[in-house]
Amino acid sequence: MVPERSATAMQEAAAGSRWLVTVARLPTDDPAARMRMLRTLESLGAAVMREGVYVLPDSLENRHALERLAQYVAQNAGIASVLRVESADEAQQEQLKRLFDRTARYAELTKTIESLRVGYGVSDASALSRVLHKQRRELEAIAALDFFPAAARERALQALADAEAEVRQLMFPAQSGSAPRFDESVTGRTWATRKPLWADRLACAWLIRRFVDPEARLLWLDKGAEPSAEAVGYAFEGARFCNSETRVTFEQMLIELGLADNAALARIGGIVHFLEVRGTPVPEAAGVQTLLQGAVRRSTSDDELRREAEKTFDLLYEAYSDAREVTRA
């Protein structure tokens, strides 16, 4: 998944031979403004041609971002111009594209992922899963700025998918009888829930991407809207996964997906339950509620809210997992 850029913007950048060249200069006595400008350019994936000159593939999204940056520079007594240029020939086009080559970063990531194999069957599977989750975040960060995808990206994606599948097998080996287990029909699917997003729906979305299917597509339906027949619905009445008489959807999903024995997830379930329906007080619930409320106020879209909430649940899972490991020791 590439959370920060639309697929259309990436396609525009990859298909064209036009470029956006930004020439910018800020007063030397304002290091804070200069640092903000440089960090913005870095977050956009701009390449440095020389000091004060930066280049990006031309797309509507990039143009708008650079125009906003130019306005910021001007407001801080600087000078900035955004120029639309076209490659003189194929050789120059390839030279500019090489400035955005992410092959080395993908190769380093792939090497890190494959090096984890030595820990299979030796290291704690939950710990391996947490490391792989961090690697997926790193892959998404690289891919978000990869304007010209090449084979290295596919190799990294495949290495990560293979590693996640193997670690999932270590975490949830096949069980006999009617014990819960992962149902293959819930992978490679679109998952849908309804707005507004709060603790249970956000926690379920995190659980899906973290433990069920990292490549899952998530949809946010308007109140009362029905998902398509192909989508897996969750956290609303009549959905494939929904509240039971005593459990919120997150807790119900833990049981149905064979995750109920994961103590860290069970503790998160207790927090989610309290935030949604109250009941037995949970000491950490007030802090989590404050963080989620802050994420709601800060976020400008449902996808951004989901990303912010994921950080909270990731940290909770890390803390509870570490506590469990300390107790074992």
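Let me begin with R209, which at 5% relative accessibility counts as buried, where buried means under 20% relative accessible area, exposed over 50%, and partly exposed in between, with a 1.4 Å probe and protein chains only. Before going on, I should say that this is a predicted model, in which local features need pLDDT of at least 70 and side-chain atom pairs count only at pLDDT 80 or more, while totals for chains, interfaces and linings use all residues. Residues are numbered from 1 along each chain as its sequence is written, and side-chain values use heavy atoms, with hydrogens and water left out.

R209 sits in helix α8, helices being DSSP runs of H or I with at least four residues and strands runs of E with at least two, numbered from the N terminus. Its side chain makes a polar contact with the side chain of E140 at 3.3 Å, that is, a pair of N or O atoms within 3.5 Å, where within protein one must be able to donate a hydrogen and the other to accept it, and residues adjacent in sequence count only if both atoms are side-chain atoms.

Turning to the largest nonpolar core, a set of buried Ala, Val, Leu, Ile, Met, Phe, Trp, Tyr and Cys residues joined through side-chain atoms within 4.5 Å, we find 44 residues, of which W191, Y234, F250 and F313 touch the most other members. The largest share, 10 residues, comes from α8. Beyond its neighbours within four places in sequence, F313 is in contact (heavy atoms within 4.5 Å) with A199, L202, A203, W206, I268, V272 and L292. A second, separate core of 24 residues includes L20, L26, A65 and L69.
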